[in-house]
Amino acid sequence: MNRAALLFQLQNIEAEIGEKEGQIAKLNQLLDSNEALNALKTKVQSLKARCEEDRITIRDLELSLKSLEEKLKEAKNKLYGGHVRNPKELMSLEKEVQAMEGTRSRMEERLLELMEQLEKESEELKALESELAEKEKAWQQEKALAFKEKEELEKALERLNREREALLATIPAEDLNVYRQLRSRKGPRVVVQLKGLICQGCGITTPTIIAQEARSGDKLVLCPSCGRILLTM
Ligand SMILES: [Zn+2]
């Protein structure tokens with residue numbers, strides 16, 4: 001076989017290998033983490049914690065309110081019970097009762113506020129949790145698909161690597177050297193077609209003698225302009 005054609009085959013196989021490897025790397029990245037899902041999980045967790053905090057605050061407030069009610073009841077009994085007759089003492093008792101009633105109404109207001117807040121947060125939490133469950137499910141499916149795709153790519157990659165090994169065994173070492181050196185300088189496309197007299201690597205017309213040499217195929221012929229290996233079909 002034409003020596004340039006062997007290198008052209010190698011170039012194609014290596015391009016395909018690079019493509020598959022890139023696809024596998026992308027899938028690995030995808031499988032590695034799901035940032036949107038993680039963000040949603042964090043949101044659910046912090047909302048859950050906030051609801052729990054509110055529940056504790058409400059319980060504490062309810063207990064304080066209960067003990068205030070008892071104190072208020074006691075003070076009122078004293079005030080209206082008829083045992084205290086001293087006007088000064090009565091006045092101070094009245095003030096005490098008024099102050100406690102003020103505190104009670106503020107506490108009740110705060111309690112109401114907190115309960116409304118908790119209700120809102122609980123609703124939000126419920127919605128987020130069902131969104132999370134749905135997204136988890138979708139992610140599991142996506143992951144399964146990605147795994148399958150990755151497996152197929154890995155199989156294809158194995159096949160390509162075997163093909164490449166077999167091909168390498170048929171390529172003269174000196175040709176391989178030229179190919180490798182050119183690739184390190186010019187990138188992955190170093191074997192190019194010569195159409196008529198025109199190099200498809202640089203678009204410049206080559207001398208007829210060069211084209212003839214390339215056509216004979218028994219040695220590697222480089223484009224005098226761009227230095228790439230010329231392939232004639
Ligand atoms: Zn060229």
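## Residue E213 and helix α5

E213 counts as partly exposed, because 18 other C-beta atoms lie within 10 Å and a residue is called buried only at 20 or more. This is a predicted model. E213 sits in helix α5, which covers residues 208-216.

From E213 to S64 the sequence separation is 149 residues. In space, the C-alpha atoms of E213 and S64 are 101 Å apart.

## Overall build of the chain

The protein chain contains five helices and three strands. Their order along the sequence is α-α-α-α-β-β-α-β. Helix α5, the home of E213, spans residues 208-216.

The dimensions are those of an extended chain rather than a globule: the radius of gyration is 41 Å, whereas a compact globule of 233 residues would have one near 17 Å. Along the principal axes, the C-alpha atoms occupy a box of roughly 130 × 35 × 25 Å. Buried residues make up 9% of the 233 in the protein chain. Among contacts with a separation of 6 or more, 74% join residues 24 or more positions apart.

## Packing of α2 on α3

Helix α2 runs over residues 35-80 and helix α3 over residues 87-168. The two pack at an angle of about 160°, and their axes are 7 Å apart. Angles over 145 degrees count as roughly antiparallel, so α2 is roughly antiparallel to α3.

The crossing of α2 past α3 is left-handed. In the contact of α2 with α3 there are 25 nonpolar residues, five polar ones and 21 charged ones.

## Packing of α1 on α3

Helix α1, residues 3-32, also packs with α3. Here the angle is about 155° and the axes are 9 Å apart. The pair α1 and α3 is therefore roughly antiparallel too.

As α1 passes α3, the crossing is left-handed. The contact of α1 with α3 is made up of 14 nonpolar, three polar and ten charged residues.

## Residue M100 in α3

M100 belongs to helix α3. With 18 other C-beta atoms within 10 Å, M100 is partly exposed. Setting aside residues up to four places away in sequence, M100 touches L68, K71, L72 and A75. These contacts can be read beside the packing of α2 on α3, since α2 covers residues 35-80 and the angle makes α2 roughly antiparallel to α3.

L37 offers a second reference point for M100. The two are 63 residues apart along the chain, and their C-alpha atoms are separated by 50 Å.

## Residue R3 in α1

R3 is placed in helix α1. R3 has 19 C-beta neighbours inside 10 Å and so counts as partly exposed; the cut-off for a buried residue is 20 or more. Apart from neighbours within four places in sequence, R3 is in contact with D175, G217, K219 and L220.

R3 and P207 are 204 residues apart along the chain. The separation between their C-alpha atoms is 20 Å.

How values were computed. Residues are numbered from 1 along each chain as its sequence is written. This is a predicted model: local features need pLDDT of at least 70, side-chain atom pairs count only at pLDDT 80 or more; totals for chains, interfaces and linings use all residues. Axes are lines fitted to C-alpha atoms, for helices over the stretch in contact, and angles run from 0 to 180 degrees between N-to-C directions. Helices (H or I, at least four residues) and strands (E, at least two) are DSSP runs, numbered from the N terminus. Angles under 35 degrees count as roughly parallel, over 145 as roughly antiparallel, 65 to 115 as roughly perpendicular and the rest as oblique. A crossing is left-handed if the near helix is turned anticlockwise from the far one by less than a right angle, and right-handed if clockwise. Ala, Val, Leu, Ile, Met, Phe, Trp, Tyr, Cys and Pro count as nonpolar, Asp, Glu, Lys and Arg as charged, and the others, Gly among them, as polar. The radius of gyration is taken over C-alpha atoms; the globule rule is 2.2 Å times the number of residues to the power 0.38. A residue is buried if 20 or more other C-beta atoms lie within 10 Å of its own, exposed if 12 or fewer, and partly exposed in between; C-beta atoms are placed from the backbone. Two residues are in contact if their C-beta atoms, placed from the backbone, lie within 7 Å.
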